[in-house]
Amino acid sequence: MYLLLIHIMTAVKVHGGIDILRLPVNQEEHVFPPWHIKYTQSHILHSKCSKNESGCGDKDADACQFCIHTLELPHMPDMVFPNNILTLKHQDGAFIQFNALDALKTVSNGKINVQLACAEAWKESRSDVSEYLEEKVKPFDWTFTTTYTGTISNFEIQETNERIDVDKLKRRDKILFYHDLTLFEDELHDNGIAVCSVKIRVMPNSFFILLRYFLRIDGVMLRINDTRLYHEFGQDYLLREYTSREAKIEEIRAPPSLFIEPSEIAPYLPLIGYHYHKLIIISHKPELVTNNKLINDTVADNTTATTNINDINNSVT
C-alpha cells in the first residue's frame, strides 16, 4: 500500500477585479491492491456567476466554476462541494465514484408533498433570483432529496439475497484509511438541514462505504437515504444496500435530542424502501453511468464513525 498527498492552489481573476482561490484542492491517494482509492477536497461552489452578472456564455472557454457546475435546478443548496470526490478504481477497470453534482442530478423537479411555512421562507431567502424562482419553485424539491447511490462503470448489477455481514463490521480490525466528505448541505433557511455525505473505511481485509442523505425539517419530519457498499479483498463483487427511512416528528418515539444525530435516530424511523444489489466486477469497459433509477430503500444504521482515524469505532457506520 502506498500513500500520495497533494496540495494544489491556483488563483483565479473574477468579476469586479477580486482575486479568489478556485482551489486549494487537497488530494490523497492510496493503493490497496487491486484497488486504487483517491479523494479530492476543496471549497464550496460560488452562489452565483463570479465573472458576469448575466452568467458565462455557452462558448466561454474560461467559464467560472458556478456556470460550469450549474444544474437544471431553480437553485442549488447553500453549500455545494463540487471538488469533494471519492473515487475507487479496480485494476481490471471497475470504477466507483461519489460526487455532489451527480448526487444533485437525482433531485426531483416535480412537486413534493411537504407543505409548510418554511418553504416560503426558503424562497424569500433566495431574493436575488426571486423572479426566476417565482416560475420554477413550485415543482422544485427544495429539500434536495437524492436517491443517488454512486456513479459506477464496469460492473454487472444483480439483485441479491446476500447481506452485508454486520458482525464483521463490528470487529475491531485495524483501520488503514478513513475519510469523510460532505457533498452538499442546505440549512433550509434555518428550518432544519439537508446534507449529503460519504464516508469510507478501509480495513486489512475489506472496505466499507456509507453514502448518506439526511433531512431534518424542524417540527415536521426526518428522512435518511443510505447507501452502503462492502467489499472483501479477493472477491470479485461488492455488496450494495440502499435503504430509505422517514417519519413525521409526531410519529417518532425517541428523545428529541436524537433528531440531530442521523446514526442514532435511524433505528427509530420506519423503513419505507430498500434495494439490495451485488456489483460484480467485469473486465470490459462500458460507458460510465450514473445510477439515477434506483428505487427508494434503506437499512438500519445505529453507529457513527469519528473523523479521528485513531479513535474510529469499528461498529457499523
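Tutor: Start with a definition. Two strands pair if DSSP finds at least two bridges between them. Keep in mind that this model is predicted.

Student: What makes E12 and E13 a pair?

Tutor: Count the bridges. There are 11 joining E12 to E13. The cut-off is at least two, so these strands pair. They run antiparallel.

Student: Which residue stands opposite Phe207 of E13?

Tutor: Val202 does. Strand E12 covers 192-202, and strand E13 covers 206-217.

Student: How many residues lie between E12 and E13 in their hairpin?

Tutor: The hairpin has 3 residues between its two strands.

Student: How do you know that E13 also pairs with E14?

Tutor: Use the cut-off again. E13 and E14 are joined by 12 bridges, and at least two are needed, so they pair. The two strands run antiparallel. One partnership links Leu215 to Arg223 in E14. E13 and E14 form a hairpin too, with 3 residues between them. In its turn, Gly219 has a positive phi of about 75 degrees.

Student: Where do these strands sit in the sheet?

Tutor: The sheet is open, has 8 strands and pairs antiparallel. Its order is E6-E11-E12-E13-E14-E15-E16-E10.

Student: Why are E6 and E10 called edge strands?

Tutor: Each of them pairs on one side only. E6 spans 79-80 and E10 spans 155-159.

Student: What makes E13 a mostly covered strand?

Tutor: Buried means under 20% relative accessible area. In E13, 12 of its 12 residues are buried. Look at the two sides. Ser206, Phe208, Leu210, Arg212, Phe214 and Arg216 point one way. Phe207, Ile209, Leu211, Tyr213, Leu215 and Ile217 point the other way. Both sets are buried.

Student: Is Thr147 buried or exposed, and how do you know?

Tutor: Its relative accessible area is 14%. That is under 20%, so Thr147 is buried. Thr147 lies in the loop between helix H4 (130-136) and strand E9 (151-153).

Student: How far is Thr147 from Thr243?

Tutor: In sequence, they are 96 residues apart. In space, C-alpha to C-alpha, they are 9.4 Å apart.

Student: Now the cavities. What makes a space a cavity rather than a pocket?

Tutor: A 1.4 Å probe fits in a cavity but cannot get out, whereas a pocket is open. This structure holds 2 cavities of 30 Å³ or more.

Student: What volume does the largest cavity have, and which residues line it?

Tutor: Its volume is about 40 Å³. The lining of the largest cavity is Thr146, Tyr148, Cys196, Leu211, Arg212, Tyr213, Asn225, Thr227 and Tyr242. E13 and E14 (221-232) each give two or more residues to that lining. The largest share, 3 residues, comes from E13.

Student: How do the lining residues of the largest cavity divide by class?

Tutor: They divide into 5 nonpolar, 3 polar and 1 charged. Arg counts as charged, so Arg212 is the charged one.

Student: What about the second largest cavity?

Tutor: It contains about 30 Å³ of space. Its lining is Tyr39, Leu86, His179, Asp180, Leu181, Val198, Lys199 and Ile200. E11 (177-186) and E12 each supply at least two of these. By class, the second lining has 5 nonpolar, 1 polar and 2 charged residues. Asp and Lys count as charged, so Asp180 and Lys199 are the charged pair.

How values were computed. Residues are numbered from 1 along each chain as its sequence is written. This is a predicted model: local features need pLDDT of at least 70, side-chain atom pairs count only at pLDDT 80 or more; totals for chains, interfaces and linings use all residues. Side-chain values use heavy atoms; hydrogens and water are left out. On a 1 Å grid over the protein atoms alone, a cavity is a set of points where a 1.4 Å probe fits but cannot get out, and a pocket is an open set with protein on both sides within 12 Å along at least five of seven lines; lining residues have an atom within 4 Å of a point. Grid points are joined across faces, edges and corners, and a volume is the space filled by probe spheres set on the points. Helices (H or I, at least four residues) and strands (E, at least two) are DSSP runs, numbered from the N terminus. Buried means under 20% relative accessible area, exposed over 50%, partly exposed in between (1.4 Å probe, protein chains only).
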